[in-house]
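This report describes the architecture and selected side-chain interactions of one protein chain. The sequence and the structure are shown first.

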Amino acid sequence: MGNIRTLLLLVLVLFSALVASVCGYEYEGKKSEQRAQGEKWFLLRQLHNVVKTDAGSMRMVKGGYRAGSFLHSPMHIGFISMEPNSLFIPQYLDSDLVLFVHHGEAKVGHIYRDELTERSLKQGDVYTIPAGSAFYLENRNENQRLRIICSIDITSESLGWHAFQSFFIGGGTHPTSVLAGFDHTTLSTALNVSTEELKTFLTRQTSGPIVHLSGSHHTNIWSEFLAQEPHQKLAHLKRIMNFEEETNSKQEQSTWSLRKILFTLLNRDDVVKRLGHRAPSACSLYNRNTDFKNDYGWTKKLDESDYSPLKQSGHGVYIVNLSPGSMMAPHVNPTAIEYGVVLKGTGRIQIVYPNGTLAMNARVREGDVFWVPRYFPFCQIASTNGPFEFFGFTTSARRNRPQFLVGRNSLMQSLRGPEFAAAFGIGEKRLKRITTAQHEQVILPSSSSTPGDMV
């Protein structure tokens, strides 16, 4: 009888262990599924080609509503790459652009108060182009590729189109100029040229939106224009673009006019010298003093108080560098959604749902894009094998004041008291010991007890 009882007890223990194991497996499985779903929502790894030619490309990760969730990402992140001595031909967009030069040097020309302004941009520079402002980009360097990261608003006007819409002013059969949509008789009358000349004018460009200006590739209309003497450019322009000043007074009052765009593009040196209203200059993010720095890393940021053009776009800009193994302390952005692009190194991004469960714990590497909804707690952790650097945008141009949850001068220390201790179900002395154990703030050192493969 005793042996039977012992056997039954052993079976009961084994059954209980089996149930616990299965329940634990199911719980871990659910947590794993949650994290996998979180990576789909918060990591933007699907790049879409917007423009691709021999001379360069523009790719983009899309915002919008994340599949299967209530979360809405209101911004696209674009990546422009241009080969040496190339041109991104004149266009305007239905979205504000904030440009950050990641690598190389550029010249940007755009319409500001009905005049052309040109700015030279170097690595680390930030520059803004308002929606509807015609612009072009040049990489004049003979040996260096240009790489630009840009933020692109999702506007209500663009929702019925693609992710965003380019309106090419220059163009031919590829890309098609917006001029080509007009009736040829109407357009030839407006231009005061023959329909035959108009046909040639609208079909010569076949190289795509990003074109080579010289070198081993075939000569195209843009390199021919830029190779002309100033008086030849002006004569050619007058012959093609002889608009009457009074043709459309409403158009003349708009933020740009086609006549002025093409005139200034082909006769730029004269126009730049006589500009009456100076457009804003670029702002170097790399040359700014750090906003925070300790032994474990540093941060820099730009908002409208530092660079007034950001007020137009409503975006802020930041860059963070973490030393190996260090951590940006868990924090919350109460005023903005944050986007990040990994520039260097590897690390982990952890994001927490409002209900206190882990939404994502993802390893990221150079080129990865992540975003964090407003109010969601998160932190960034550098791997132990090198520094971790990421750049990004926020959806507010106002000064961002992140609320740090832990560390010196954090919410945990500010809220320390009997009420907070009661919320955790512990005594005040124990709470004080826990909340004051970390002597650093904002960027925290690595823990010697953290396994090296955690990040």
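## Salt bridges

A salt bridge is a side-chain nitrogen of Lys or Arg within 4 Å of a carboxyl oxygen of Asp or Glu. The model is predicted, and a search of the whole structure returns nine such bridges. One of them is formed by the side chains of D125 and K122, with an N to O distance of 3.5 Å. The two partners differ in their surroundings: D125 is buried, with a relative accessible area of 4%, whereas K122 is partly exposed, at 39%.

E83 and R145 also meet through their side chains in a salt bridge, at 3.0 Å from N to O. This pair links distant parts of the chain, 62 residues apart: E83 is in the loop between β5 (75-82) and β6 (86-93), and R145 in the loop between β11 (135-139) and β12 (146-153). E83 has 21% relative accessibility and counts as partly exposed; R145 is likewise partly exposed, with a relative accessible area of 35%.

In the bridge between R365 and D368, the closest N and O atoms are 4.0 Å apart. R365 is partly exposed, with a relative accessible area of 48%, while D368 is buried, at 7%. Elsewhere, R288, K301, D303, D306 and R399 are joined into one network by salt bridges that share partners.

## Overall architecture

The chain contains twelve helices and 27 strands. Of its 455 residues, 47% are buried. Among contacts with a separation of 6 or more, 73% are between residues 24 or more positions apart.

One open sheet has seven strands with antiparallel pairing, in the order β1-β2-β5-β12-β7-β10-β15. Its edge strands, β1 (47-53) and β15 (283-284), each pair on one side only. Within this sheet, what joins strand β7 to strand β10? Four bridges connect β7 (residues 97-103) with β10 (residues 125-129), and the two strands run antiparallel. At this pairing, F100 stands opposite V126 in β10. D125, the salt-bridge partner of K122, lies within the residue range 125-129 of β10.

## Aromatic pairs

A pair of aromatic rings is described by the distance of the centres and the angle of the planes. The model holds 13 aromatic pairs. In one of them, the ring centres of F42 and W371 are 5.9 Å apart and the planes stand at 50°, so the pair is tilted. F42 belongs to helix α1 (residues 2-42) and W371 to strand β23 (residues 369-372); the pair thus links distant parts of the chain, 329 residues apart. F42 is buried, with 0% relative accessibility, and W371 is buried with the value 0% as well.

A further pair is formed by F370 and F390, whose ring centres are 6.1 Å apart; their planes are at 65°, so the pair is edge-to-face. Here too distant parts of the chain are linked, F370 being in strand β23 and F390 in strand β25 (residues 388-394), 20 residues apart. Both of these residues, F370 and F390, are buried.

F42 and W371 are also members of one aromatic cluster, together with W41, Y339, Y353 and F376. A charge and a ring meet at W298: the charged end of K300 sits over the ring, 5.3 Å from its centre.

## The surroundings of T346

Is T346, in the loop between β20 (338-344) and β21 (347-352), buried or exposed? Its relative accessibility is 17%, and because buried means under 20% relative accessible area, T346 counts as buried.

The side chains of T346 and S383 are joined by a polar contact of 2.9 Å. Apart from neighbours within four places in sequence, T346 is in contact with R363, V364, R365, A382, S383, N385 and F388. R365, named in that list, is the residue that forms a salt bridge with D368.

How values were computed
Residues numbered from 1 in each chain as written. Predicted model: local features only at pLDDT ≥ 70, side-chain atom pairs only at ≥ 80, totals over all residues. Heavy atoms only, no water. Phe/Tyr/Trp six-rings, centres within 6.5 Å; stacked < 30°, edge-to-face > 60°. Buried < 20%, exposed > 50% of the residue type's maximum accessible area, 1.4 Å probe, protein only. Lys NZ or Arg CZ within 6 Å of the ring centre and 35° of its normal. Polar contact = N/O pair within 3.5 Å; in protein donor to acceptor, adjacent residues only side chain to side chain. Contact = heavy atoms within 4.5 Å. Pairing = 2+ DSSP bridges.
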